[in-house]
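Me: Please take a close look at one part of this model, the packing of two of its helices, and then follow the residues from there to the bound ligands. I would like one connected account, with the cut-offs stated as you go.

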Amino acid sequence: DRRLPILAVDGPAGAGKSTVTRRAAQALGLQYLDTGAMYRAVTWWCLENNLDLRDEPAVVEAIAHCQLRLESSDPHQPTRVWINDREVSQAIRSLEVTQRVSQVAALRGVRRLMVRQQRAIGANGGIAAEGRDIGTHVFPEAGLKIFLTASPAERAQRRWQELQQQGQCDLSYEELLAQITARDTADQQRTYAPFRKAADAIEICTDNLGIDEVVSKIVHLYRSRLPQP
Ligand code: CDP
Ligand code: CDP
């Protein structure tokens, strides 16, 4: 079997998953998959169509008819996303979507649809996937599982700086911290594929680590697990 192993990266909001996984994927020649962008895109679609998010059959039915397309060719830019040919790359990062995404992602029918697409993308190995349930549920056979963490204060600080740089200051640091902890809790407490560290995942706390250090740790770990010729 010459297929490259899958790299699975899970962790709470703002731990650096996207930033670090994109770069590790580039260094390792793997395709990058941002599963959070998928949950965000279908959440945006539900809000755009004024669906009642408590009406699970209606939500699942609407999402089942959605065509999602992800593109991440630039390792320094967020994933670009289209839903039914409409680009929603910016829209899926809005406050409204961020506040609602955990509710939509908790629905079993929604997760089934997303996980099926994620497994199809990883069917031939060679991908670096990032999210909340990658190592526990989507790709339990992944060759390397990383659990990326940082303290809530550090994660809120990073998000706040990011928003400042983009000139978006709709939330204070305290509001951001509250939002992040609320989302972590909701993701951990849902019934279907809750957010957990896989038993065989390697935990990296990034509180005192720079992006390059985290990337090189992951790249080394992944290479050390490749079958030796
Ligand atoms: O980047 P950030 O940490 O803000 O979140 P994200 O990775 O974009 O994910 C947004 C939300 O999607 C999470 O809070 C989860 O509710 C959901 N999600 C999930 O349930 N399972 C995944 N594999 C990825 C994301
Ligand atoms: O995907 P996730 O929500 O886990 O986090 P992210 O969006 O990749 O990263 C959040 C912010 O933390 C970004 O602005 C990164 O540049 C920053 N970061 C950092 O400062 N130090 C790290 N070791 C990793 C990320």
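Reply: The account below begins with the helix pair, goes on to the ligands, and ends with two residues elsewhere in the chain.

The model is predicted, so local features are reported at pLDDT of at least 70 and side-chain atom pairs only at pLDDT 80 or more, whereas totals for chains, interfaces and linings use all residues. Residues are numbered from 1 along each chain as its sequence is written, chains are lettered from A and ligands numbered from 1 in the order in which they are written, and side-chain values use heavy atoms, with hydrogens and water left out.

The pair consists of helix α4 (residues 95–105) and helix α8 (residues 173–189), whose axes come within 8 Å and cross at roughly 30°. Helices here are DSSP runs of H or I with at least four residues, strands are E runs of at least two, and both are numbered from the N terminus; the axes are lines fitted to C-alpha atoms, for helices over the stretch in contact, with angles running from 0 to 180 degrees between N-to-C directions. That crossing makes α4 roughly parallel to α8, in a scheme where angles under 35 degrees count as roughly parallel, over 145 as roughly antiparallel, 65 to 115 as roughly perpendicular and the rest as oblique.

On the α4 side, L95, T98, Q99, V101 and S102 make the contact, and on the α8 side Q179, R183, A186 and D187 do so, where contact means heavy atoms within 4.5 Å. By class, three of these residues are nonpolar, four polar and two charged; Ala, Val, Leu, Ile, Met, Phe, Trp, Tyr, Cys and Pro count as nonpolar, Asp, Glu, Lys and Arg as charged, and the others, Gly among them, as polar.

One residue from each helix fills in the picture. S102 of α4 counts as buried because its relative accessibility is 13%, the limits being under 20% for buried, over 50% for exposed and partly exposed in between, with a 1.4 Å probe and protein chains only. Beyond its neighbours within four places in sequence, S102 is in contact with R183, A186 and D187. Q179 of α8 is also buried, at 15%, and with the neighbours within four places again set aside, Q179 is in contact with L95, T98, Q99 and L171.

D187 leads on to ligand 1, since among the 19 residues around that ligand R40, R111, D133, D187 and R190 come nearest, a residue being near if one of its heavy atoms lies within 4 Å. An oxygen atom of ligand 1 is 2.8 Å from an N or O atom in the side chain of R190, and an oxygen atom of ligand 1 is 3.0 Å from an N or O atom in the side chain of R159. R159 is also listed with K17, S18, T19 and E162 as closest to ligand 2, which 16 residues surround.

Elsewhere, V110 in helix α5 (residues 108–121) is buried at 0% and touches Y39, V42, V59, V60, I63 and V104, not counting residues up to four places away in sequence. S73, in the loop between β3 (68–71) and β4 (80–83), counts instead as exposed at 62%.

Note on methods: Polar contact = N/O pair within 3.5 Å; in protein donor to acceptor, adjacent residues only side chain to side chain.
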